[in-house]
Amino acid sequence: MKKYTLKEVEKAFNIPVRMVTFLIRRGLIDPILEGGKILIPDIEIQKYLDLPVPERKKHHNSYLKTLGPGIITGAADDDCSGVVTYTQVGAQFGLAHSFLAVYLVPMMSAVQETCARIGIVTGNGLAGTIKKHYGKNILIFLIGLLVIANTVNIGADIGAMASALGLLLPINYVSAMFLITAIFIFSSLVFPYHKYARILKFLTLSLLAYIITGIMVGTDWLQILKSIAIPQIVISSSFFAAVVAVMGTTISPYLFFWQASEELEEERERRTLSDHREVVLKREIKEMRKDTYTGMIIANIVFLFIVITAASVLHNNGITSIETAKDAALALRPLAGDFAYLLFTMGILGVGLLAVPVLAGSSAYAVSELYGWKEGLSKRFNQAKGFYGIIIASLLIGLLINFIGINPMKALYYTAILNGLISPILMFFIFHIGRNKKIMGNFTSPRWVNIWGTIGTLIMSAAAVLMLILFFAK
């Protein structure tokens, strides 16, 4: 009997390491543990390969849904709210906030890794874990704020997408909003999760539009490097409001709930693996970490290029206020050319298609875990009516926000500030859980994650306090 390491299985049989660990968790392959390493007997691999093709395809499709939560989370971070916030900040302050694109990466990575780790290890989403160990009352308050912020975000994203669609096609604004909302509801109800996730992963490519636009507008890269290396801090309430808004739309509460729950999606049918489970989970966490860091780096590169674009094209030409995503796109046209305008506009559509399902889904996961409802995008509507009901209600209320006279873009900016106030509270619980051996067992967060998590929590708290002090001191 020949035995293979996970890497050797990948090389010899063209089965990715992460899929092998998935098959072990599902009980389809029975490994051997020798010297702390997992070895796979050739007979076990052959047993899997001898399964009927339809059955192997079914397991492969189940495996596909385990890929990409970190990348999707990072890409969804740059939703229409993010685009508007970053554009407004770049137009108003130039490159002054560009340093955050670098310094936020380890903080974002720390919080999202901990959320993912909680989902993988505990078998619960973030809301379920907080409820189990800290009680329901604090969770009701936090989830209430989360759902309000998410719904406003959804409404503004739908409005921004409708405006962008109107710039590209001869379609009425109201009709475009109804069409976009109908597409979201239809896709969430009809597409199986692995197909839905595949679409979301494909949409992450839309973020390239902002990187290409930033390169096209022509910039002083030496000045950009200086602004990143030497932060330009201005002591004013508006400056710190912008810091809180950027941090709130970058380290957003809805992403905490989404990432933990999406990592949980892949664990739905996990079996107890006795002495194998610990080794398999170590491998799973390692793979999750690559996924998460990739997503966070992508999110911050896009943030940086949107600020560069706004600073170079808008701020440097005296345009310091942007009311809507449409305004941002139209302002680019005479100053940066038709192609830059087209890319920016298509980017708004792409990130909206990516982010709105994440926003609605994070509300649904949080509320469902709070009340103990069946939940998950892998379930059908009749299996999780409450979960899908929250998604549909969030989309419909978001749509209606555009008809009640609230300026959705201003609401987005203030919602980003609200997120910046909520995030430090949630981060306190997240990192407390991450380092709690009673909850996480042998899978507590590493020291560097706890250090950066503490730094991120303190900085976000300090920025929020300074903003409030300076605002009321006027």
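## Close-up views of ring pairs and salt bridges

**View A. F403 counts as partly exposed, at 40% relative accessibility.** Welcome to a predicted model. The count of aromatic pairs, with ring centres within 6.5 Å, comes to 13. Among them is the tilted pair of F178 and F403, with 6.1 Å from centre to centre and 40 degrees between the planes. This pair links distant parts of the chain, 225 residues apart: F178 sits in helix α10 (residues 173-190), and F403 in the loop between α19 (385-401) and α20 (408-434). F178 is partly exposed too, at 45% relative accessibility.

**View B. Y371 and W373 form a stacked aromatic pair.** Here the centres are 5.7 Å apart, and the planes meet at 25 degrees. Because its relative accessible area is 46%, Y371 counts as partly exposed. W373 is partly exposed as well, at 37%.

**View C. Y365, F381, F387 and Y388 come together in one aromatic cluster.**

**View D. K47 and E44 form a salt bridge, one of 2 in the structure.** The closest N and O atoms are 3.0 Å apart. The two residues are 3 apart in helix α3 (residues 42-49), so about one helical turn separates them. Is each partner buried or exposed? K47 is partly exposed, with a relative accessible area of 43%, whereas E44 is buried at 12%.

**View E. R117 and E113 form a salt bridge in helix α7 (residues 100-122).** Their closest N and O atoms lie 2.7 Å apart. The partners are 4 residues apart, about one turn of the helix, and both are buried.

Key. Residues numbered from 1 in each chain as written. Predicted model: local features only at pLDDT ≥ 70, side-chain atom pairs only at ≥ 80, totals over all residues. Heavy atoms only, no water. Salt bridge = Lys/Arg side-chain N within 4 Å of Asp/Glu carboxyl O. Buried < 20%, exposed > 50% of the residue type's maximum accessible area, 1.4 Å probe, protein only. Phe/Tyr/Trp six-rings, centres within 6.5 Å; stacked < 30°, edge-to-face > 60°.
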